[in-house]
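These are my notebook entries on a structure that is new to me, written down in the order in which I looked things up.

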Amino acid sequence: MEASTAPWTSCLLDENTFTENFMNRLRPRKTYLCYKVEILDGDARVPLDEKKGFVRNKVTDPACPQQAGPPYCGTLRVEGCQLHTGCPTSSLTPGPCRCYRCSAWNQGANEPGMPRHAECYFLDRIRSWNLDRGLHYRLTCFISWTPCHSCAQELATFLGENSHVSLHIFASRIYRRPGYEAGILTLRAAGAQIAIMTSKEFQHCWENFVDHQERPFRPWVGLEVESQHQCNELQAILQTQAN
């Protein structure tokens with residue numbers, strides 16, 4: 001089985017956006033979700049590079065500079081797609097698009113409406129693909145916060161309706177809001193695998209979702225300590241389900 005060889009290029013996160021939102025000792029107000037899709041073929045995994053990218057939540061206060069702007073939907077884009085007005089890379093030069101608001105599939109970004117979480121945009125995107133029910137797919141997400149209770153339920157419902165899809169979530173940190181423990185347990189009960197990001201996952205994100213200009217990933221001070229703290233809390237939550 002071979003992955004598609006269609007001419008796609010990636011829309012990548014800039015280095016500062018990645019660091020500001022995934023550095024696990026910070027507490028940003030935005031949520032970024034990077035994702036990749038693989039077809040499971042026996043023991044092999046076949047990556048679908050055209051189904052790889054990132055989404056960001058739609059913010060609640062567009063007047064706030066820290067939250068301004070539409071949700072970034074950094075899906076991989078087809079060569080030759082029309083970029084939005086004023087895009088500095090509108091010449092469509094070869095290589096990755098470095099305009100972080102561009103995508104060929106940017107649902108909700110320029111439309112009025114209520115704020116939405118990144119997971120909702122992610123589910124919209126998955127459903128738009130109409131994944132072949134005769135194949136088995138693994139969705140892997142690297143997210144800056146674990147899903148809230150409502151998003152966890154939405155993801156669990158999707159998994160219940162799509163037995164040909166498995167979900168693996170790696171989170172930078174736990175989103176501590178009312179019902180968050182129940183949300184995590186709901187996801188686990190639906191078959192999702194949930195873990196806290198370690199240096200290995202942060203480096204994977206850096207290498208695959210960031211416009212790093214050939215610079216290597218450099219772990220920040222306290223990464224592993226905070227990661228272990230978050231992991232201990234997650235395991236305590238998951239053990240309540242086992243008990």
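**Second pocket**

I began with the lining of the second largest pocket, which by class has 2 nonpolar, 2 polar and 5 charged residues. The model I am reading is a predicted one. For the volume of this second largest pocket I noted about 160 Å³. I then listed the residues that line the pocket, and these are Lys36, Arg45, Arg138, Thr140, Phe142, Phe170, Lys200, Glu201 and His204. The elements that give two or more residues to this lining are β5, residues 137–143, and α5, residues 199–209.

**Overall make-up**

I next stepped back to the whole protein, for which I counted 6 helices and 7 strands. Read from the N terminus on, the elements run β-α-β-β-β-α-β-α-β-α-β-α-α. Of the 243 residues, 50% count as buried. I also looked up contacts between residues at least 6 apart in sequence, and 74% of these join residues at least 24 apart.

**Strand β5 and its partners**

Because β5 had come up in the pocket lining, I asked how many of its residues are buried. I found that 7 of the 7 residues of β5 are buried, so the strand is largely enclosed by the rest of the structure. Which residues point which way from β5? Tyr137, Leu139, Cys141 and Ile143 point one way, while Arg138, Thr140 and Phe142 point the other way, and all are buried.

I then looked for the strands that pair with β5. With β2 the pairing is antiparallel and runs over 7 bridges, and here Cys34 stands opposite Phe142 in β5. With strand β6, residues 165–171, β5 pairs in the parallel sense, again over 7 bridges, and Ile143 has Ala171 in β6 as its bridge partner.

**The hairpin of β2 and β3**

Following β2 (residues 32–41) further, I saw that it pairs with β3 (residues 44–56) in the antiparallel sense over 9 bridges. Within this pairing, Tyr35 has Gly53 of β3 as its bridge partner. The hairpin of these two strands has 2 residues between the strands, and Gly42 takes a positive phi near 70° there.

**The largest cavity**

I looked for enclosed space as well, and the count comes to 1 cavity of 30 Å³ or more. About 40 Å³ of space lies in this largest cavity, and the residues lining the cavity are Leu33, Glu119, Phe122, Cys141, Ile143, Pro147, Leu155 and Ile169. Two or more lining residues come from each of the elements α2, residues 118–129, and β5. By class I noted 7 nonpolar residues, no polar ones and 1 charged residue in the lining of the largest cavity.

**Two helices with a buried face**

For helix α1, residues 15–22, I wrote down Thr17, Phe18, Asn21 and Phe22 as the buried residues. Seen down the axis of α1, these buried residues fall within an arc of 100°, so they line one face of the helix. I asked which elements they pack against, and the buried residues of α1 turn out to pack against β2, β5 and α5.

In helix α4, residues 180–189, the buried residues are Tyr180, Gly183, Ile184 and Leu187. Down the axis of α4 its buried residues also fall within an arc of 100°, so they line one face of that helix. A general rule helped me to read both cases: an α-helix has 3.6 residues a turn, so residues three or four places apart point the same way. Just after α4, I noted that Gly191 takes a positive phi of about 105°.

**Loop residues**

Last, I went through some loop residues. Asn130 lies in the loop between α2 and β5, and has a positive phi of about 50° although it is not a glycine. Is Asn130 buried or exposed? At 66% relative accessibility, over the cut-off of 50%, Asn130 counts as exposed.

In the loop between α5 and α6 I found Gln213, whose phi is near 55°, a positive value in a residue other than glycine. At 42% relative accessibility, Gln213 counts as partly exposed. Asp211 lies in the loop between α5 and α6 (223–242), and at 9% relative accessibility Asp211 counts as buried. I noted too that Asp211 and Leu13 are 198 residues apart in sequence and 5.9 Å apart in space, taken from C-alpha to C-alpha.

Methods: Residues are numbered from 1 along each chain as its sequence is written. This is a predicted model: local features need pLDDT of at least 70, side-chain atom pairs count only at pLDDT 80 or more; totals for chains, interfaces and linings use all residues. Side-chain values use heavy atoms; hydrogens and water are left out. On a 1 Å grid over the protein atoms alone, a cavity is a set of points where a 1.4 Å probe fits but cannot get out, and a pocket is an open set with protein on both sides within 12 Å along at least five of seven lines; lining residues have an atom within 4 Å of a point. Grid points are joined across faces, edges and corners, and a volume is the space filled by probe spheres set on the points. Helices (H or I, at least four residues) and strands (E, at least two) are DSSP runs, numbered from the N terminus. Ala, Val, Leu, Ile, Met, Phe, Trp, Tyr, Cys and Pro count as nonpolar, Asp, Glu, Lys and Arg as charged, and the others, Gly among them, as polar. Two strands pair if DSSP finds at least two bridges between them. Buried means under 20% relative accessible area, exposed over 50%, partly exposed in between (1.4 Å probe, protein chains only). The arc is that of the directions from the helix axis to the C-beta atoms. Contact means heavy atoms within 4.5 Å.
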